[in-house]
Amino acid sequence: MKKNPYAYIKAEILNITNETATIKTFTIRPQGEIGFRAGQFMDLTLPGIGEAPFTPSSNHDHKGTLDFTIMAAGRVTKLLHQAKPGDIVGLRGPYGSQYPLEKFKGKEVYIVGGGVGLAPLRALLYALFNDVNVYKKIILRYGARTPSDIVYKNEIDSWRDKAGHVDVAITCDVGDPSWKGNVGLVTTILKDEGLDMENAVTIVCGPPVMMKFATFKLLDLGFKDHNIYLSMEKNMSCGVGKCGHCRIGPYYACKDGPVFTYDKIKELPGIWD
Amino acid sequence: MPLALYTISRKDLFDLLGRLAEINRVFVPYAKGDKLYFDEFDASKEDLIELGGIRQSQPLKTFLNPAREKVFNGLTRDPRPAIVVGVKACDLASLAIQDFVFEGGDVRDPFYAENRDNTTIIGCDCTYAKETCFCLAMDGAPYPRKDFDLNLSSVDNYFIVEVGGPKGEAIISGFNVFFKEPSPHARSIRESSRKAVERQVQSYIDKRGIPNTDQIRGVVKKNYDSTDFWKDMASTCVECGACNLACPTCHCFLLFDEKDRFGAKRFRIWDACLYNTFARVAGGANPRKHLYERLRNRFDKKFDFFPQVMNSFACTGCGRCVEACAGDIDIREVLKGLVSGKWNKPPHE
């Protein structure tokens with residue numbers, strides 16, 4: 001029999017980091033050759049229980065382990081949150097399109113994240129940091145619901161320090177007494193930064209409604225359709241364009257995406273739902 | 001290329017099937033009331049075997065992409081090849097879609113591919129039509145033209161046999177004693193039987209005014225935002241998914257994991273896009289929250305998506321969904337409404 005696309009390899013959970021009350025980062029060590037490029041996703045299985053698609057959040061050049069930053073949202077993720085280091089999960093993939101880093105070279109890279117949508121963007125940031133000098137500028141704009149919902153709290157400052165290349169701003173929809181930063185949706189911190197709008201690229205990942213309004217704001221700011229990269233969240237299951245669940249018009253998010261440029265999908269109905 | 005034609009008597013055909021069943025799983029259609037069902041060949045039930053008539057209730061995909069197939073851990077697959085006898089043209093037409101999905105793209109589904117390789121398909125002409133038949137409107141015909149290994153055309157107490165592929169040739173050469181040269185009239189006899197059934201299907205199409213493929217092209221896209229239309233169409237839908245499961249071209253599946261004392265297993269199980277959870281994600285977003293959106297999706301997939309990706313409608317006119325629908329939603333009437341802009345269904349609430 002030819003290679004079985006539905007089979008997973010085993011992976012051991014090495015470490016679990018609590019990011020927020022509902023989000024954890026799992027560092028896992030696959031028992032076999034498996035990797036990804038930033039933007040691609042993989043299916044993580046609780047053996048005998050079920051699987052769900054996630055974009056790894058670690059550096060794609062890092063060998064040996066992978067990070068997945070996962071919110072407890074459905075049946076599989078809630079059970080996954082009860083896992084302990086040493087537990088065995090399943091892994092298959094990678095699937096779909098990656099962020100085209102080659103095309104980002106020499107350009108301003110404007111990254112917009114919302115909530116746990118920062119996970120794939122963390123993989124992107126680490127991929128950019130691998131070769132940080134080839135990008136003109138790296139800008140991160142991140143929105144969380146409240147200060148306690150911010151993920152990667154202990155890392156974000158180290159991103160800021162990346163050779164002065166990375167400009168980070170964070171906002172919270174709702175503040176608290178400890179929060180000294182901006183209060184408002186992520187769109188309130190998307191501003192004219194004097195970028196080269198013909199060439200600057202922007203990458204967006206977050207909940208559907210955030211992606212919608214962020215995209216409209218980015219268009220207002222002058223980003224070009226084909227320079228807006230969207231990581232589309234759909235119900236990807238098989239990962240290989242057969243099961244039918246993640247269709248967007250003529251595309252399947254699992255094989256034609258999950259990273260789409262806005263010009264490719266803007267005419268399709270229901271992309272933000 | 002000249003057609004390789006033979007004849008075989010009904011008695012010889014059943015003897016042949018008995019011989020084939022010694023090393024193959026042989027499936028034949030049995031009559032049950034006014035319907036036909038595939039089941040394993042059993043010589044003692046010969047009288048109930050119908051190698052004519054209309055399409056069976058089970059779609060052909062049952063044999064290639066079964067409703068529930070184990071795809072990971074503890075695979076126990078029947079090593080015997082399968083021979084499916086009596087497949088009608090509307091099911092053969094579905095093979096192009098199923099093949100495109102499961103064998104096409106960057107990754108082949110190895111289970112489908114193995115089933116396909118190990119299955120010999122023996123077609124047969126329809127000898128009458130049902131009111132729900134509309135293959136001619138979908139550019140099909142009530143007799144197989146391609147995608148079979150052998151085809152049987154029933155004439156009196158014998159069959160005209162046409163060879164359509166190497167697996168069919170292998171049967172002819174392996175059991176040549178059963179096959180005779182056809183009479184010089186065989187082709188014209190077959191032709192006149194076929195024309196008679198064609199006329200019957202055409203009369204049903206004409207009576208109902210079912211649009212043809214030229215008229216259907218583009219109508220789903222054009223009417224995508226005709227929300228009232230889709231809501232009216234969906235007003236009697238009970239979200240059972242029967243239309244999806246009965247359809248020979250519907251291919252969507254879910255991967256279902258379970259475990260027993262032998263360990264974790266994974267199954268590929270038919271899914272249905274009419275179900276509320278089909279496109280929903282755990283975070284709560286659902287691109288098709290409303291039932292009318294899901295009904296529309298079924299038409300969008302068949303009459304817009306597949307034409308875009310493989311230049312073919314994913315409907316063969318078999319009429320199974322018309323029969324299966326508990327809410328009397330009739331694909332022919334939906335298409336008619338899309339083309340004409342007129343429909344008579346009680347308005348939605």
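In which loop of chain B does B:D156 lie? The legends below, for close-up views of a predicted model, begin with that residue.

**View 1. Backbone of B:D156 in chain B.** B:D156 lies in the loop that runs between strands β7 (150–155) and β8 (158–163) of chain B. Its phi is positive, at about 50 degrees, although the residue is not a glycine. Most residues other than glycine have a negative phi. With 8 other C-beta atoms within 10 Å, B:D156 is exposed, because a count of 12 or fewer places a residue in that class.

**View 2. Backbone of A:Y152 in chain A.** A:Y152 is found in the loop between strand β8 (137–144) and helix α4 (153–160) of chain A. This non-glycine residue has a positive phi of about 55 degrees. Is A:Y152 buried or exposed? A:Y152 is buried, because 21 other C-beta atoms lie within 10 Å and the cut-off for a buried residue is 20 or more.

**View 3. The peptide bond from A:G93 to A:P94.** The bond is cis, with omega near 0 degrees. Most peptide bonds are trans. A:P94 has its place in strand β6 of chain A, which covers residues 88–95.

**View 4. The peptide bond joining A:G257 and A:P258.** Here the bond is again cis, and omega is about 5 degrees. A:P258 is located in a loop of chain A, with β14 (251–252) and β15 (259–261) on either side of that loop.

Definitions and conventions:
Residues are numbered from 1 along each chain as its sequence is written. Chains are lettered from A and ligands numbered from 1 in the order in which they are written. This is a predicted model: local features need pLDDT of at least 70, side-chain atom pairs count only at pLDDT 80 or more; totals for chains, interfaces and linings use all residues. Helices (H or I, at least four residues) and strands (E, at least two) are DSSP runs, numbered from the N terminus.
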